[in-house]
Amino acid sequence: SSATSVSSASIQCLQREVFQERDAQSNEPMLNLRELGLSDLRSSQVDELVNRLLPCLTSVEETTAQSSQWQISHVSAQSFFENKHGIIIRHLEQRRGFKTLKSRTRRLSGSDRVAESESVTPSFMKGLLLRDRGREVENLDSLIKTKNIPDAHHDVFKTGFAEGFLKAQALTQRTNDSLRRTRLVLVFLLLLGLYGLSRTPFLSVRFRTTSGLDAAVDPIHMKNVTFEHVKGVEEAKNELQEVVEFLKNPQKFTVLGGKLPKGILLIGPPGNGKTLLARAVAGEANVPFYYASGSEFDEMFVGVGASRIRNLFREAKGNAPCVIFIDELDSVGGKRIESPMHPYSRQTINQLLAEMDGFKPNEGVIIIGATNFPEALDNALVRPGRFDMQVTVPRPDIRGRIEILKWYLDKVKVDPAIDAEIIARGTVGFSGAELENLVNQAALKAAVDEKDQVTMQDLEFAKDKIIMGPERRSIEIDERNRRITAYHESGHAIVAYFTKSAMPINKATIMPRGPTLGHVSLLPESDRWSETRAQLLAQMDVSMGGRVAEELIFGTEQITTGASSDFDSATKIAKLMVTKFGMSEKLGVMTYTESERTSPDTQCAIEQEIRILLRESYERARQLLKTHAKEHKTLAEALLQYETLDFKEIQMVLEGKRLELR
């Protein structure tokens, strides 16, 4: 009984504390309700809510009332505290009210749930839920009162408000009408484009993609280009004449069972007229001409190049007989290799090989390819049956250069005294494109000098500009260096003039051009296909003349570095004579290449023979300049006075004649 009384007393004490805490909280109901977001509830609703959510307080009161009459056992209660003291401690957790409210809402029915959610929703939640609602429409009278507008201005305010409202309505209507019309136009254009893609070929061209899969191929008719426009490549024109005859009269070749080659490969350096020859073939035969560059078939997308090849040949077969010209063939027909970086790079050349010689014949279609790098072409492309003929288009010889120069000189106003042969002799190795550029540069020089026609001086100026670079008149050269340059160049000229096997002099100048301070140009009488030993030794002697002149006039201590290029050219000639041309008595008629391993004794012998040739050449030039010292000095003084002298003027100076002032 004592234990029971103690337990009962402790329970009563704990109940008293709970009730005191409840009374203390009831003194400030608004503060606690505000913290819980229930400030909008009435007191009766609060009591009802508390009774529903906190039933433990009611059970505590009932337990207190019955404790004086009955002894209650709590052995089977849910927690140890309830077993010991008989009080449920759950109400301490329910004071948070969050999970209990959520679970309570779930247990309510549909109508009760809506009503209770509206009554117990916290104020901050109401603000969050109602944030996106539009503002309530205000009455015009209430708006006037809110803005504190004076009574005298009420009518003006209402009138302005009405006018603004009407203008806004009209603007909104116009905007809506404009948007509606724009949508209609866009829809119409879209439908028109889709219809054009599917039905109309004219519109489908405008909507083509840039992938190249369906690129249009249009032929070109070369009516104005014939073999008369091609100069300097007579052999190539003769070989291509057979192709023209086949395109004009195919039955002439097929009556005996023969077939014309399917492909013709034009090989040669750039600028010699390969493209012009292909155009001339189509122009002579008056057939469609299809032009394509090799780079056009090279795309980053897989299959685009092969598709373009198919399109090109399909169009050509439909317009046969015709000519297909593929320029820069090496870019599309290069050797096939295994490359992990480009595993599909062989599709284009495979398609080209199949089109040229596959199961489907190309009757009446002639393929002409051009390249200046034939070593890079795939072997399957140049075999018989594809590119059967290989036509070499070399650089023009002197006769070809004369024809090309006359062809382009006829297109400009020139002096009748111009001799195209002299210019052609001084432009050894020039291509047709370079000769065209020479004439154009001369015409520009004549226009700058305000001349009525192109003269020989303009052509010489253009030739020197192309070969050695533009004049550097702005460079300041002191009198000492200028004098050394004059004697250096006159030394070259004297040796060339008095050496029998040397090339004739074209002109000598001390005008700086490019990297040089002066030069002497030699003019061969004709193109040299081979050179004799005497001619090679004469070239070495002329190269040595500049250094020998400096040594004789200014002394050994005053020689300059201006002869470095002369020594370089002389050494190359001597080395070729010993190692390539078999012109050494000691080493005999045997060639020596740098790639082959030669013995130290043989290498020493080669170098010794080269030194002997150079030493002998130096001595010959020295002896010649000593013999003609007077002519050497006269020519150097003339160069100092006139700066530039041509062959006729050099001849007059050496003969002692007086030159006219220029």
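The exercises below, each with a worked solution, walk through a predicted model of a protein.

Residues are numbered from 1 along each chain as its sequence is written. In this predicted model, local features need pLDDT of at least 70 and side-chain atom pairs count only at pLDDT 80 or more, while totals for chains, interfaces and linings use all residues, and side-chain values use heavy atoms, with hydrogens and water left out.

**Exercise 1. Find where confidence is lowest and where it is highest in the protein.**

Begin with the average: pLDDT, the predictor's confidence in each residue from 0 to 100, averages 76 over the protein, and 72% of the residues score at least 70. Next, go to the elements, which are DSSP runs numbered from the N terminus, helices being H or I of at least four residues and strands E of at least two. Helix α12 (residues 201-206) has the lowest confidence, at a mean of 41, and α23 the highest, at 94. Then take residues 1-11, where the pLDDT is below 50 and where the stretch has five contacts in the model beyond near neighbours in sequence, a contact meaning heavy atoms within 4.5 Å. Where pLDDT is low, the predicted coordinates should not be read in detail.

**Exercise 2. Compare the span of helix α15 with the expected one, and describe its buried residues.**

First, recall that the expected span is 1.5 Å times one less than the number of residues. For the twelve residues of helix α15 (residues 274-285) this gives 16 Å, and the end C-alpha atoms are 17 Å apart, which agrees. Second, list the residues that are buried, that is, under 20% relative accessible area, where exposed means over 50% and partly exposed lies in between (1.4 Å probe, protein chains only). In α15 they include Leu-277, Val-281 and Gly-283. Third, look at their partners: the buried residues of α15 pack against α13 (234-248), β2 (263-267), β3 (288-293), β4 (322-327) and β5 (365-371). Finally, step past the end of the helix to Asn-286, which follows α15 and has a positive phi near 55°.

**Exercise 3. Repeat the description for helix α26.**

Helix α26 (residues 629-642) has 14 residues and reaches 20 Å from its first C-alpha to its last, close to the 20 Å expected. Among its buried residues are His-632, Leu-635 and Tyr-642, and the elements that the buried residues pack against include α22 (479-498), α23 (533-554) and α25 (600-627). Just after α26 comes Glu-643, which takes a positive phi of about 70°.

**Exercise 4. Decide for the salt bridges of Lys-463 and Arg-620 how far apart the partners lie in sequence.**

Side chains of opposite charge can pair when their charged atoms come close. A salt bridge here is a side-chain nitrogen of Lys or Arg within 4 Å of a carboxyl oxygen of Asp or Glu, and the count comes to 13. Start with Lys-463 and Glu-460, whose closest N and O atoms are 3.2 Å apart; because these residues are three apart in helix α21 (residues 456-468), they are separated by about one helical turn. Lys-463 counts as buried at 3% relative accessibility, and Glu-460 counts as buried at 14%. Now turn to Arg-620 and Asp-541, with closest N and O atoms 3.1 Å apart. This pair links distant parts of the chain, Arg-620 in helix α25 and Asp-541 in helix α23, 79 residues apart. Arg-620 is partly exposed at 32%, whereas Asp-541 is buried at 7%.
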